[in-house]
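Open the model in a viewer and keep the sequence panel visible. The stops below each give a selection and then what is found there.

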Amino acid sequence: MSGRRSFFASKKPSRSSNPFDSDSDDGGREQRPARASSVPPPADQRGSLFGGGDGFSASSLAARSRYRNDFRDTGGVEAQSVQELEGYAAYKAEETTQRVQGCVRIAEEMRDTASKSLVTIHQQGQQITRTHMMTLDIDQDLSRSEKLLGDLGGIFSKKWKPKKNGEIRGPMLTRDDSFIRKGSHLEQRHKLGLSDHLPQSNARQFHSEPTSALQKVEMEKAKQDDGLSDLSNILTELKGMAVDMGTEIDRQTKALGDSEKDYDELNFRIKGANTRARRLLGK
């Protein structure tokens with residue numbers, strides 16, 4: 001009897017080594033292994049899997065290499081133990097979180113670029129308005145010059161009247177333009193080195209490290225939800241910036257067309273005044 005007991009005692013560990021073995025191979029229901037998800041991994045594996053300690057151990061690097069390779073070198077996902085699959089799920093959840101955070105960083109860079117573009121477009125619109133305003137001053141000076149040229153020429157000469165195709169209207173100023181207010185606000189904040197961005201969502205604080213793969217996955221899912229919420233807010237802000245840019249560019253295009261008409265009118269009148277001056281000098 002003692003020999004039999006020692007024989008079965010030596011065989012017991014080999015039966016529980018593979019959690020995917022069927023009951024027929026074990027010979028009894030009492031030998032079925034427990035589910036690995038209900039038992040947290042050992043402390044050494046837990047530290048290497050969830051980033052504990054001061055670095056990754058050799059076993060952790062090997063595990064991450066298998067996860068990164070999707071177990072192609074070890075028989076595929078179907079041939080892995082429950083504990084390996086749990087570690088694989090935690091690794092994929094962490095990888096997804098990093099990619100979401102990377103998307104958020106890219107969106108933040110796009111938002112910064114869009115803010116600078118808004119400031120540039122606002123300054124461009126101001127320059128177009130200032131340039132167009134100068135046509136009114138030129139029109140006043142040119143009118144006085146045309147009057148003097150008309151009075152010159154002698155007593156018997158016919159009074160000269162300048163030809164005009166239209167009036168100089170100048171820029172159309174809109175005091176209630178929301179983009180002008182927003183552009184001025186952004187420009188002032190840029191000069192002060194301040195940001196004008198929507199606040200990010202309140203990221204959940206995790207006061208304790210996960211003790212199992214399931215807790216790790218749930219924690220990473222919470223981080224992903226926070227990151228996706230921030231990404232949605234940034235994309236909404238970018239959409240508003242794009243609409244403002246399109247509206248302002250359309251307004252500036254119309255302003256350039258109106259200013260071009262005034263420039264052509266000034267050019268026509270200046271040519272007529274020069275012709276009148278050369279005739280007077282020729283006499």
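Where do Lys-221 and Glu-218 lie, and how many residues apart are they? Select the two: both lie in helix H7, three residues apart, about one turn of the helix. Helices (H or I, at least four residues) and strands (E, at least two) are DSSP runs numbered from the N terminus.

**Before going on**

Residue numbers start from 1 along each chain as its sequence is written, and side-chain values use heavy atoms, with hydrogens and water left out. The model is predicted: local features need pLDDT of at least 70, side-chain atom pairs count only at pLDDT 80 or more, and totals for chains, interfaces and linings use all residues.

**Whole chain, coloured by confidence**

The term pLDDT is the predictor's confidence in each residue, from 0 to 100. Its mean over the chain is 74, and 59% of the residues reach 70 or more. Confidence is lowest in helix H3 (residues 43-49), at a mean of 43, and highest in H7, at 91. Now select residues 1-59, where pLDDT stays under 50. For this stretch the model has 45 contacts beyond four places in sequence; a contact means heavy atoms within 4.5 Å. Where pLDDT is low, the predicted coordinates should not be read in detail.

**Whole chain, as cartoon**

The chain has seven helices and zero strands, running α-α-α-α-α-α-α from the N terminus. Of its 283 residues, 30% count as buried. Buried means under 20% relative accessible area, exposed over 50%, and partly exposed in between (1.4 Å probe, protein chains only). The accessible surface comes to about 19,600 Å², and 54% of that belongs to carbon and sulfur atoms. These areas come from the Shrake-Rupley method with a 1.4 Å probe; for residues, only the protein chains shown count as cover. Among contacts with a separation of 6 or more, 76% are between residues 24 or more positions apart.

**Helix H5**

Select residues 82-151, which make up helix H5. What should the 70 residues of H5 span at 1.5 Å a residue? The expected value is 104 Å, and the end C-alpha atoms are 104 Å apart, which agrees. The expected span is 1.5 Å times one less than the number of residues. Just after H5, Gly-153 takes a positive phi of about 125°.

**From H5 across to other parts**

Pick Glu-108, in helix H5. Glu-108 is partly exposed, with a relative accessible area of 23%. Its C-alpha is 9.2 Å from that of Leu-235, although the two are 127 residues apart in sequence.

Further along H5, pick Leu-136, which is partly exposed at 27% relative accessible area. Neighbours within four places in sequence aside, Leu-136 is in contact with Ile-168, Arg-169 and Gly-170. Measure from Leu-136 to Pro-171, 35 residues away along the chain: the C-alpha atoms are separated by 9.2 Å.

**Nonpolar cores**

Show side chains for Val-104, Ala-107, Ala-114, Leu-118, Ile-121, Leu-231, Ile-234, Leu-238, Met-241 and Met-245, the ten residues of the largest nonpolar core. H5 and H7 each supply at least two residues of this core. Such a core is a set of buried Ala, Val, Leu, Ile, Met, Phe, Trp, Tyr and Cys residues joined through side-chain atoms within 4.5 Å. A second, separate core has seven residues, including Leu-149, Trp-160, Ile-168 and Leu-280.

**Salt bridges**

How many salt bridges does a search of the whole structure find? The count is eleven, a salt bridge being a side-chain nitrogen of Lys or Arg within 4 Å of a carboxyl oxygen of Asp or Glu.

Select Arg-269 and Glu-146, whose closest N and O atoms are 3.0 Å apart in a salt bridge. Arg-269 lies in helix H7 (residues 213-282) and Glu-146 in helix H5, so the pair ties together parts that are 123 residues apart in sequence. Both residues are buried.

Return to Lys-221 and Glu-218, which form a salt bridge with closest N and O atoms 3.9 Å apart. Lys-221 is partly exposed at 42% relative accessibility, and Glu-218 is partly exposed at 41%.

Lastly, select Lys-223 and Glu-220, another salt bridge, with closest N and O atoms 3.9 Å apart. They are three residues apart in helix H7, about one helical turn. Is Glu-220 buried or exposed? At 2% relative accessibility Glu-220 counts as buried, whereas Lys-223 is partly exposed at 30%. Salt bridges that share partners also join Lys-92, Glu-95 and Arg-99 into one network.
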